[in-house]
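Me: I'd like to go through this model and check the labels against their definitions. Can you take me through it?
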Amino acid sequence: MGWFSVCKANYVKPDFPFSAQVDEQRIGIYLVDGEYFAMEDICPHANALLSQGFTDGATIECPLHGALFDVRTGQCLREPGDRDLATYPVRVNGDQIEVNLEVEK
């Protein structure tokens, strides 16, 4: 599918992920210890935007029912997440964050 520019790098803060629409997919962009990560942004349990949840380092908690995910790996750490989430390759090109929709996981 190739690389898609999703936002400027300065739009993503450690405590404030960025939610992007790429084609038909919602992607959350996270900044953890100076590294950017991209993961599905819809909680599979309740169709909530995870990027609007509560961040703590490399984890994001769903704002509706508390499912917990590792944004680096997509691993569901606490139910009711139902499943692990897809993660995507990320690169910085100038001041832009780019995501490749080829699923990493």
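Reply: Sure, starting with surface: accessible areas come from the Shrake-Rupley method with a 1.4 Å probe, and for residues only the protein chains shown count as cover. On that basis the chain exposes about 5500 Å², with carbon and sulfur atoms supplying 46% of it. This is a predicted model, where local features need pLDDT of at least 70, side-chain atom pairs count only at pLDDT 80 or more, and totals for chains, interfaces and linings use all residues. Residues are numbered from 1 along each chain as its sequence is written, and side-chain values use heavy atoms, leaving out hydrogens and water.

Me: How do you know whether the radius of gyration agrees with a compact globule?
Reply: The rule, over C-alpha atoms, is 2.2 Å times the number of residues to the power 0.38. For 105 residues that gives a value near 13 Å, and the chain has 12 Å, so the two agree.

Me: What makes up the secondary structure of the chain?
Reply: There are 0 helices and 11 strands, where helices (H or I, at least four residues) and strands (E, at least two) are DSSP runs, numbered from the N terminus.

Me: Which residues touch the most other members of the largest nonpolar core?
Reply: A nonpolar core is a set of buried (under 20% relative accessible area, 1.4 Å probe, protein chains only) Ala, Val, Leu, Ile, Met, Phe, Trp, Tyr and Cys residues joined through side-chain atoms within 4.5 Å. The largest has 16 residues, and those touching the most other members include Val 6, Ile 27 and Tyr 88. Its largest share, 3 residues, comes from β3.

Note on methods
Buried means under 20% relative accessible area, exposed over 50%, partly exposed in between (1.4 Å probe, protein chains only).
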